[in-house]
Amino acid sequence: MNVLIVEDEVKMAEEMAAFLTREHFLCEIATIGVEASEKIAVNLYDFVLLDLGLPDYNGLDLLKEGKMLDTPPAFIIITARGAVEEKVKGLNIGADDYLAKPFSLVELNARIQAVARRKFKIESSDIQIGEFLVKTDNRIVKHKEKTVELTRKEFDLLLYLLLNKEKTLTRVQLYEHIWGNLFDDQYDSNFIDVHIKNLRKKLSPHAPVDWIKTTRGVGYKISEEE
Amino acid sequence: MIKLRYKLSLFNILSKLIFGVLFLILMPMILERVNTIQTDNQLIEKREQVIDIISQWGVERFTDSGYENAFGSYNILKEEYISLEKVELEHNWNFIEVTRRMIDNQIIDYRVLNYSFYVDGQMYLLEIGKSLASIQQTEKNIQKFTLVFLAVFLVFSTIFDIVFATKLIHPLEKIIKKLKNTPTPSLYGKATPNTTTSEFVYLDKTLEELMQKIEDLFQKERQITSNISHELLTPVSIARGILENLLSSGELNEEAAIKTEESLRTLYRLKTMVNSLLLIARVESHQYLRNESFSMVELINEVKSELDIIAEDKDIALDTDLKEEKWVKNANRSLLFNMFYNIVNNAIKFTPQKGKIFLTSGTINTQFFISIRDTGIGMSPEILENLFMRFKNRSAHPENGTGIGLAISKTIADFHSIEIHVESEPGKGTEFIFKFPS
């Protein structure tokens, strides 16, 4: 997929591009509004990651321009201003999602995937992990024919780790993804440990869960490699 | 405190009462005077009639028909009498006096006109009397009538006064209602109350201007927080991107990975700090709307279900007794949710294993409250004193968050006019009571 990163902080844009390139996206960068406007008009992008705080351009105008195209790209708005009104305005104009700086690159990737599934109507497939089948549509986990009862948070945790399979996610990254609606101050590394513990406890009576791995001092990952 | 319209009416009633009492005191004197003049006039008129008759028919008509040398007549109830007799006086009499007369063995006070005159060289004395009892009777009748009239007047004018005052004050009550229903200054209603009283229009206009001024200040603060937010969070964002890329490249050895994660956590703390301060500034400058209505019991239950697992892990019982329900209006649900979440989460943090936490709702003096009580480690009076100050409690429990959570909670409570009371005893536990405005 083609992604245009509109971001006036060059270093930030480069880090985003580096991460997304590793996730097999084709990335282009525009650091000023005029350049972005031109690129959006000329090239076909699937995604535009739009920082609203551009020095020469009102970011919301870029969004309006993009939305007028025959095949408009999906827009994910990024801002460090964090004003509630800005977010509402952006979503009203037609942005597909919104991320506040400083966001996690893992989270950015997850948001892009989610928008892509919604926008391009990609049917989410079921994921096989160990002896379990994770049905992403109706959000249930099955072992053979038996459903394993998980709470919403436990399922979210499992799914997020699965989507980032073979990658260690830090507790902060996991916490932000699942408890992102709470104020930052509530962060408690213990929350993740408790939920992982419960997840293991609920799955392990059915089959081994050695694929949920603890990366010492860093976080957790799902890996089927030995 | 007395309502203005009652005050106005009360003042009116009082002034009327004073006037009425004064009138009641003075009335008998006035009436007596008026009556005396009137009676005297009547007596004089009767005298003229008698004189007329005598000059026309002669005095014999009277003297012949009665006893010797005298004539007397009175009406059946002895209210009036008339007498004529021959007398020998040194001077002519012509005066009115009050005297006592004996008629048919009955003593009656009369107001009597005495008038002497000559007919054919003979002096006659004419007496015309009117009983005082009959005069006083008239007086009493008039007094009674006036009293009834006065009472009826007082009642009707009071009702009229109250109705009028209510109507007069109505725009003021409308303005107060408008103020009360204004969640943020920018939403103060532009509709001027329908009134012809210039003061009320002026009051409304002044309030509107004041709201505009506050709104302008808020607008400025919004701009400032937005800029601070941008300036502080952009570098954090870049550093985070760099470190996350480093970590997920998979090229780091174990020690480097651990150090990178530590740096990320430190950055997260910085972000938390900035966002928390910005949140307080945003709540204080009314960047959050207060336009939701919802059930408080439902919200507390939601907080409980969010934290049940954490409490369970520490073997802490999270008990609820939420019999008292409250439908909150003009509130921000997500802010209140975070406030209670923060307090309950704190209670879990500071309660040892196998402890208890109680979430209760109830009413004290018609005020709805939510109480969060734990059997935790409690707080010393010194900590309690500075509990809601930003950064003050940092040193007390450095491992548990930034210590700004309570400051945020206080800001959210203030934003909703909720009072927070904290009672705590070291070693016994802590209770947070949130009193809602009634």
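Student: In which helix of chain A is Gln113(A) found, and where should a reading of this residue start?

Tutor: Gln113(A) is found in helix α5 of chain A, and, as everywhere in this discussion, that placement is read from a predicted model.

Student: Is Gln113(A) buried, partly exposed or exposed?

Tutor: The relative accessibility of Gln113(A) is 30%, and the residue therefore counts as partly exposed, given that the partly exposed class lies between the limits of 20% and 50%. Sequence separation and spatial separation can then be read side by side: Gln113(A) and Leu163(A) are 50 residues apart along the chain, while their C-alpha atoms are 9.5 Å apart in space.

Student: How does one describe the packing of two helices, and at what angle do α1(A) and α4(B) cross?

Tutor: In general, a packed pair of helices is described by the angle between the two axes and by the distance between them. Here helix α1 of chain A, residues 10-22, and helix α4 of chain B, residues 198-248, have axes that come within 9 Å and cross at roughly 25°. Because angles under 35 degrees count as roughly parallel, α1(A) is roughly parallel to α4(B). The crossing in which α1(A) passes α4(B) is left-handed.

Student: Which residues of α1(A) and α4(B) meet there?

Tutor: On the α1(A) side they are Lys11(A), Met12(A), Glu15(A), Ala18(A), Phe19(A) and Arg22(A), and they meet Ser237(B), Ile238(B), Gly241(B), Ile242(B), Asn245(B) and Ser248(B) of α4(B). Sorted by class, this contact of α1(A) with α4(B) has five nonpolar, four polar and three charged residues.

Student: How would the same reading go for helices within chain B, and what is the handedness of the crossing of α1(B) and α3(B)?

Tutor: Helix α1 of chain B, residues 4-57, and helix α3 of chain B, residues 132-180, have axes that come within 9 Å and cross at roughly 160°, and these two helices are therefore roughly antiparallel to each other. Their crossing is right-handed, and the residues of the contact of α1(B) with α3(B) divide into 20 nonpolar, eleven polar and six charged.

Student: What term describes the arrangement of α7(B) with respect to α9(B)?

Tutor: The axes of α7(B), residues 333-349, and α9(B), residues 405-415, come within 9 Å and cross at roughly 140°, which means that α7(B) is oblique to α9(B). Here α7(B) passes α9(B) in a left-handed crossing. The contact involves Leu335(B), Leu336(B), Met339(B), Asn342(B), Ile343(B) and Asn346(B) from α7(B), together with Gly405(B), Leu406(B), Ser409(B), Ile412(B), Ala413(B) and Phe415(B) from α9(B). Eight nonpolar, four polar and no charged residues make up this contact of α7(B) with α9(B).

Student: How many helices and strands does chain B have?

Tutor: Chain B has nine helices and twelve strands, and of its 438 residues 42% count as buried. Among contacts in chain B that join residues at least 6 apart in sequence, 67% are between residues at least 24 apart.

Student: Turning to sheets, in what order do β10, β11 and β12 of chain A lie?

Tutor: As a general matter, the strands of a sheet pair through backbone hydrogen bonds, in either a parallel or an antiparallel manner. In chain A, three strands form an open sheet in the order β10-β12-β11, with antiparallel pairing. The edge strands are β10 (169-170) and β11 (212-215) of chain A, each of which pairs on one side only. Four bridges join β11(A) to β12(A), residues 219-222, and the bridge partner of Ile212(A) in β12(A) is Ile222(A). Helix α8 of chain A, residues 189-203, packs on this sheet, where it touches β11 and β12 of chain A, and its direction makes about 150° with that of β11(A).

Student: Backbone angles also deserve attention; is the peptide bond from Lys101(A) to Pro102(A) cis or trans?

Tutor: The peptide bond from Lys101(A) to Pro102(A) is cis, with omega near 0°, and Pro102(A) is found in the loop between β5 (97-100) and α5 (105-119) of chain A.

Student: Where does Lys144(A) lie, and what is its phi?

Tutor: Lys144(A) lies in the loop between β8 (140-143) and β9 (146-148) of chain A, and its phi is near 55°, a positive value in a residue other than glycine. Lys144(A) is exposed, with a relative accessible area of 63%. Asn330(B) also has a positive phi, near 50°, but its place is in strand β8 of chain B, residues 327-331, and Asn330(B) is partly exposed, with a relative accessible area of 36%.

Methods
Residues are numbered from 1 along each chain as its sequence is written. Chains are lettered from A and ligands numbered from 1 in the order in which they are written. This is a predicted model: local features need pLDDT of at least 70, side-chain atom pairs count only at pLDDT 80 or more; totals for chains, interfaces and linings use all residues. Side-chain values use heavy atoms; hydrogens and water are left out. Axes are lines fitted to C-alpha atoms, for helices over the stretch in contact, and angles run from 0 to 180 degrees between N-to-C directions. Angles under 35 degrees count as roughly parallel, over 145 as roughly antiparallel, 65 to 115 as roughly perpendicular and the rest as oblique. A crossing is left-handed if the near helix is turned anticlockwise from the far one by less than a right angle, and right-handed if clockwise. Contact means heavy atoms within 4.5 Å. Ala, Val, Leu, Ile, Met, Phe, Trp, Tyr, Cys and Pro count as nonpolar, Asp, Glu, Lys and Arg as charged, and the others, Gly among them, as polar. Two strands pair if DSSP finds at least two bridges between them. Buried means under 20% relative accessible area, exposed over 50%, partly exposed in between (1.4 Å probe, protein chains only).
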